[in-house]
Amino acid sequence: MDSNGDAHLEVFRYNPEIDKFPVFQQITIPFHEHNTVLDALRYIYEHVDSSLAFRESCRAGLCGLCAVRVNGKVCLACSTYMCKTMTIEPVPKWKIIRDLVVDYSHQK
Amino acid sequence: MQKMRDVYSRKIGSTRKECHILIIGAGGAGIEAALAVASTREDLQVILVDKGVLGKSGCTILGGFSCNAVLETNPDDSPSCHFEDTVREGRFINDQPLVDTYTEKAPVRVKELHAMGGVFEVGEDGALKQEMVPGHSHPRALFNNLHTGKSMALALRRIVLKSNVEICDECIILRILCHDSVVWGAVGFDMVQGTFILFECPAIIITTGGCGQLYRHSTTAIGSTGDGLALAYEAGAELQDMEFIQFFPTAQCYPRLLHLNPTFPSMLRYTAGCRLYNSEGKEFMREVNPDWTYTVTRDELSQAIYKEIQEGRGSPHGGVYMDVLHLSAEEITDKFSFSRIYPRLLSMGIDLTKDVIETTVSAHFSMGGIRVDTTLQTCVDGLFAAGEAIAGVHGANRLPGNALSEILVTGYEAAVHAIQYVDGTSPAGDHDTMYDQSECEALSALLERESGISPIALKKSIQDIMWDYVGVIRDKKGLEDGLCKLETLTSTLNQMSLSSKTCIWNKELMDAFEVTFMFTVALLTTQGALVREESRGSHYRKDFPESNHRTWLVNIIHKKGYPMTISRPRVSKMPLEGLYG
């Protein structure tokens with residue numbers, strides 16, 4: 001599939017074990033209108049920076065594990081089309097384990 | 001930096017958890033097993049461990065439509081008839097005693113779950129609704145719109161969270177610990193804490209599901225990497241029927257549609273009588289069988305579709321065309337389940353009254369797996385297995401709807417027998433001297449290696465090899481090439497390196513663990529496919545296109561350290577002598 005220009009991303013990065021503060025990593029990847037936010041995260045993971053932590057599982061909008069915040073709005077990464085400018089952050093209010101992965105263990 | 005190094009230099013055994021039964025894999029089968037123990041024996045401690053998240057990871061949640069069981073509301077149907085359908089369409093190599101257990105117990109298990117969670121759709125008369133799905137002689141599919149699996153998985157999750165079962169999320173099991181072929185524990189790695197956990201337990205139930213992720217195209221959850229199959233094999237258990245991988249014939253392919261189960265186009269087939277055609281406009285299935293939409297099983301349909309694609313008559317995005325242009329909008333929404341899907345598709349720019357979609361073949365289910373006896377136990381004492389991880393129930397081809405009910409039955413039965421086993425064993429002794437630090441050493445080496453092959457690349461290599469050489473249509477040359485390519489990858493497994501050295505939720509580290517399991521399972525699948533010189537169910541050999549009952553009405557069995565063996569399937573209700581000739 002041909003790319004239709006670039007997408008400019010700011011991705012939240014934080015490893016509480018070693019980082020004092022979270023940072024936003026600037027990443028440019030190819031834009032495809034039929035691709036999802038999860039495709040974008042996987043593209044980063046496979047081609048740009050494999051240290052990015054994010055959850056994924058069913059890829060069909062069923063399990064909810066890939067929830068992130070894109071441009072301020074919480075969504076399922078697998079069920080949201082990517083756009084040309086995206087700020088991707090973890091879902092708010094949960095303790096951060098690393099990058100986009102939050103600790104849901106008290107959600108029971 | 002120092003803190004990080006401390007984390008991974010920590011030895012196996014510094015964190016310990018004890019229980020009576022450890023259940024590996026918290027999908028439908030695992031949760032059902034845990035509940036079966038918790039609801040009957042409060043004195044037994046159960047730990048339910050998953051490399052993902054309880055009830056949400058894994059494939060149960062992806063179960064689209066049907067969960068099959070024979071209910072008394074249909075007097076024409078019977079468990080015996082369900083048995084016959086399952087064995088006939090499994091192409092006779094099913095383990096008949098397991099199919100007996102499955103078909104006889106499915107009704108009680110589904111009704112029990114429904115009573116706890118209101119899982120399935122109920123008609124105005126108060127009875128559970130049942131639909132017909134291909135390959136079955138009677139309507140026996142219970143359902144909840146198009147998200148039956150999700151409905152089941154979340155009900156099970158809700159119930160188990162209220163029980164005394166200890167849940168251990170995001171912990172991947174790396175090795176099952178045995179002494180003289182008797183289970184005593186397992187080594188896990190906690191992805192969140194970045195530490196090893198030593199589980200000590202007299203019994204283990206493996207419910208890790210299948211290995212759909214061995215293939216480039218798969219409808220399965222991302223974690224279906226065959227972990228439990230490799231763990232069981234390494235522990236000395238037998239695997240069987242590994243060559244039988246079900247390919248889903250009509251998975252969504254183009255346009256890219258969101259928030260939909262990849263298997264949803266099958267509903268256009270079952271209930272809307274879709275047209276399915278190639279780039280020449282030819283309805284290649286209807287020409288063979290006018291009733292194909294209701295009768296043809298997944299193995300035959302996948303092979304027919306894949307042949308069209310391979311021979312250059314596919315659609316632009318690698319599938320074939322499907323439409324229901326013969327129906328009006330009212331007819332589409334009236335058809336079962338499309339009242340919700342039709343408007344959702346409309347919102348994504350797809351109008352089923354005007355537009356054509358492309359669907360394709362995609363790895364879906366593993367019929368093969370861990371060989372168990374009628375008590376769901378392997379040949380390793382204390383090692384049980386259930387759900388998609390076991391072989392035998394579905395033979396060479398699984399019928400729609402037989403997965404979601406099977407996981408309940410085998411999960412429950414494995415728990416019952418594990419309880420009996422635990423009751424009959426003496427309390428665990430001191431095992432301090434009986435395990436080594438191999439996972440800890442391997443992890444240190446992996447994290448210290450500055451350059452090497454990426455586990456992400458290695459995973460992709462396995463998926464490409466399996467799709468290209470061990471896929472829907474196979475032959476000797478291709479399988480030999482595939483095997484050779486897999487074998488050349490062997491040496492790279494201990495040459496992996498990671499771009500991030502952290503142990504805290506390191507996705508690449510998870511890939512590195514999984515790739516080792518995938519490699520073991522891929523090799524056995526390929527070896528089985530090469531040996532089986534016939535076609536049967538999902539295993540299609542271009543060079544041996546017919547079934548050969550006389551020679552190959554057998555199960556191929558793999559055991560580590562031994563040559564492959566073959567054995568005739570266990571028989572109960574359906575004699576096979578006539579077939580052997």
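Here are some questions and answers about the predicted model shown above.

Me: Let's start with chain A. What pattern does chain A follow, read along the sequence?
Reply: Chain A has one helix and seven strands. Put in order along the sequence, with β for a strand and α for a helix, the pattern of chain A is β-β-α-β-β-β-β-β.

Me: What is the radius of gyration of chain A?
Reply: The C-alpha atoms of chain A fill a box of roughly 40 × 30 × 25 Å along the principal axes. For 108 residues the globule rule gives 13 Å, and chain A comes close to that, so it is as compact as a globular protein of that length. The radius of gyration of chain A is 13 Å.

Me: How much of chain A counts as buried?
Reply: To be buried, a residue needs 20 or more other C-beta atoms within 10 Å of its own. Chain A has 108 residues, and the share that passes is 40%.

Me: Which residue in the turn between S3(A) and S4(A) has a positive phi?
Reply: Strand S3 (residues 67-70) and strand S4 (residues 73-76) of chain A pair in the antiparallel sense over four bridges. In that pairing, Arg69(A) stands opposite Val74(A). The two strands form a hairpin with two residues between them, and the one in the turn with a positive phi, about 50°, is Asn71(A).

Me: On to chain B. How far apart are the C-alpha centres of domain 1 and domain 2 of chain B?
Reply: The domain assignment splits chain B into domain 1 (14-244 + 365-423), domain 2 (249-362) and domain 3 (438-559). Where domains 1 and 2 of chain B meet, 15 residues of domain 1 are in contact with 18 residues of domain 2. On the domain 1 side, that's six nonpolar, seven polar and two charged residues. The C-alpha centres of these two domains of chain B lie 30 Å apart.

Me: Which strands stand at the edges of the five-strand open sheet in chain B?
Reply: The order in this sheet of chain B is S6-S3-S2-S10-S17, with parallel pairing. An edge strand has a single partner strand, so one side of it is left without a neighbour in the sheet. In chain B that describes S6 (166-168) and S17 (383-385).

Me: Which residue in S17(B) does Ile206(B) stand opposite?
Reply: Strand S10 (residues 203-206) of chain B runs parallel to S17(B), and three bridges join them. Within this pair, the residue opposite Ile206(B) is Ala385(B).

Me: And what angle does helix H2 of chain B make with S3(B)?
Reply: Helix H2 (residues 28-38) of chain B packs on the sheet, where it touches S2 (21-24), S3 (46-49) and S10 of chain B. Its direction and that of S3(B) make an angle of about 170°.

Me: Asp180(B) and Ser181(B) both have a positive phi. Which of them counts as partly exposed?
Reply: Most residues other than glycine have a negative phi. Asp180(B), with phi of about 50°, and Ser181(B), with phi near 60°, go the other way. Both sit in the loop between S7 and S8 of chain B. Asp180(B) has 6 C-beta neighbours inside 10 Å and so counts as exposed, while 14 such neighbours make the partly exposed one Ser181(B).

Me: Which residue does a cis peptide bond join to Tyr254(B)?
Reply: Most peptide bonds are trans. Here, though, omega is about -5°. The partner is found in the loop between strand S12 (245-254) and helix H7 (265-270) of chain B, and it is Pro255(B).

Me: Is Gly52(B) buried or exposed?
Reply: Gly52(B) is in the loop between S3 and strand S4 (67-68) of chain B. Leaving aside neighbours within four places in sequence, its contacts include Glu170(B), Gly223(B) and, from the other chain, Ser57(A). With 25 C-beta neighbours inside 10 Å, Gly52(B) counts as buried.

Me: Last one: how many charged residues are on the side of chain B that touches chain A?
Reply: The contact takes 32 residues from chain B and 26 residues from chain A. On the chain B side, helices H1 (2-9), H5 (148-161) and H17 (507-531) each supply at least two residues. By class, this side of chain B has 15 nonpolar and ten polar residues, and the charged ones number seven.

Definitions and conventions:
Residues are numbered from 1 along each chain as its sequence is written. Chains are lettered from A and ligands numbered from 1 in the order in which they are written. This is a predicted model: local features need pLDDT of at least 70, side-chain atom pairs count only at pLDDT 80 or more; totals for chains, interfaces and linings use all residues. Two residues are in contact if their C-beta atoms, placed from the backbone, lie within 7 Å. Ala, Val, Leu, Ile, Met, Phe, Trp, Tyr, Cys and Pro count as nonpolar, Asp, Glu, Lys and Arg as charged, and the others, Gly among them, as polar. Domain bounds come from an automatic or database domain assignment. The radius of gyration is taken over C-alpha atoms; the globule rule is 2.2 Å times the number of residues to the power 0.38. A residue is buried if 20 or more other C-beta atoms lie within 10 Å of its own, exposed if 12 or fewer, and partly exposed in between; C-beta atoms are placed from the backbone. Two strands pair if DSSP finds at least two bridges between them. Axes are lines fitted to C-alpha atoms, for helices over the stretch in contact, and angles run from 0 to 180 degrees between N-to-C directions.
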